[in-house]
Amino acid sequence: MEIVWQTPANPPERQDYIFHKGRRLVRPYYFEFISHVKNRWAGKTIVDFFAQEFKGRPYEYYVSAVQCGRIQVDGDILKPSQKISHFLHRHEPPVMASDVTVLVKEPDVVTVCKPASVPVHPCGQYRKNTVVGILQAEHGLAPLFPVHRLDRLVSGLLILARNATQADLFRQQIEGGMVQKEYIAKVVGIFPEKELLVDVSIYYNPREGRSTVEAGDSCCDTPSKGKTASTKFTRISSNGTHSIVLCEPVTGRTHQIRVHLQYTGHPIANDMLYLSEFVDSRSDVGMSADRAAGKSLISETNNTYVDDCEENCSKNFSIDPMCTHCPNLAPTGYEEHEEGLWLHCIRYSGPGWKYECPFPGWAFLS
């Protein structure tokens, strides 16, 4: 669903966050989502539309929300381009409580060490629990324009421009192939000592949130659905059980490093999405592909930190009687324990510039 993000009158602030047992949680707050009806939605009732598209809340909630005006649209039947407003009590998913460390602060550029589990910018149910939101709340840095993207579970160097002109300059250099990217990963087994170039196309399935390689016969009549992808790998160290590998992606495909390492036979050692062929369908589980992978390999969910937070939750925020998530701090479906991937961005360099990030603790093998 295409959403126009409405900036609240008050930006994120330090007191918006609650830290508990290694998690950063956000005090629930009221928020307005605004969207416009697409052609394929036309003809549906507003309640049926929400119940079919947003299954995280029960049908009865949407009936009540329409009746009391929390969901607003002109008429009972949706028409193309109509504006839909949904006022809700928003509960953001928790993230790991690591700081967003500012590495370099220049007039046009800020670089930070992004913690794993924290999204870069507002997306889905995340807004304040993002790198951009935390930097605004804790460092007063705004506006910021992320120059490149790191997956939510990936940590390391993140470059943010402080104005649109600088952001556009970086974008031109990246699109022109003038920027070199370097990551490190902790992988299974003893990685080959010689430099290894993986030049294999990747197909990303957006429905399942998972990539696969296309390493078949180039003479096959079946047209390729994948995109060309190339990654260079160099072993840094190994202890016989795991290896630390330098990863230099030449292209920038979704999950490229993760799926190319799987292709070599040395997947990232805690990457549940690519370690096993047996991963629950994200459409069946109703959550992100990475969370579905984690649930498929974890027999029992750890809800202790959520339960502890809920004991005195009334002190942290006002309970909304219509909210389907209250009195919990975390929304339904985000209670399980989660750790970051052993994949970390260490360096970006381009014409006349280079930015770096320190190695994480897991990169030093014993």
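These are short notes on one strand and its partners, a surface patch and a loop residue in a predicted model.

1. Strand E11 spans residues 155-161. It is mostly covered, with 7 of its 7 residues buried.

2. Strand E9 (residues 109-114) pairs with E11. The sense is antiparallel, and 6 bridges hold the pairing. Within it, Cys 113 has Leu 157 of E11 as its bridge partner.

3. Strand E10 (residues 145-146) also pairs with E11 in the antiparallel sense, over 2 bridges. Here Phe 145 stands opposite Ala 161 of E11.

4. E18 runs parallel to E11, and 2 bridges join them. Ser 155 has His 344 in E18 as its bridge partner. When checking the sheet by eye, keep the two senses apart: E9 with E11 is antiparallel, whereas E18 with E11 is parallel.

5. Ile 319 lies in the loop between helix H9 (304-311) and strand E18 (343-350). Its relative accessible area is 41%, so Ile 319 counts as partly exposed. Which residue, 230 positions away along the chain, has its C-alpha atom 9.2 Å from that of Ile 319? That residue is His 89.

6. On the surface, Ile 236, Phe 359 and Phe 364 make a nonpolar patch of about 310 Å². Of these, Phe 359 sits in the segment after strand E19 (353-356). Phe 359 has 34% relative accessibility, so it counts as partly exposed. The band for that label lies between under 20% for buried and over 50% for exposed.

Definitions and conventions. Residues are numbered from 1 along each chain as its sequence is written. This is a predicted model: local features need pLDDT of at least 70, side-chain atom pairs count only at pLDDT 80 or more; totals for chains, interfaces and linings use all residues. Side-chain values use heavy atoms; hydrogens and water are left out. Patches are made of residues with over 30% relative accessible area and no salt bridge: like charges are joined within 9 Å, nonpolar side chains (Val, Leu, Ile, Met, Phe, Trp, Tyr) within 5 Å. Accessible areas come from the Shrake-Rupley method with a 1.4 Å probe; for residues, only the protein chains shown count as cover. A salt bridge is a side-chain nitrogen of Lys or Arg within 4 Å of a carboxyl oxygen of Asp or Glu. Helices (H or I, at least four residues) and strands (E, at least two) are DSSP runs, numbered from the N terminus. Buried means under 20% relative accessible area, exposed over 50%, partly exposed in between (1.4 Å probe, protein chains only). Two strands pair if DSSP finds at least two bridges between them.
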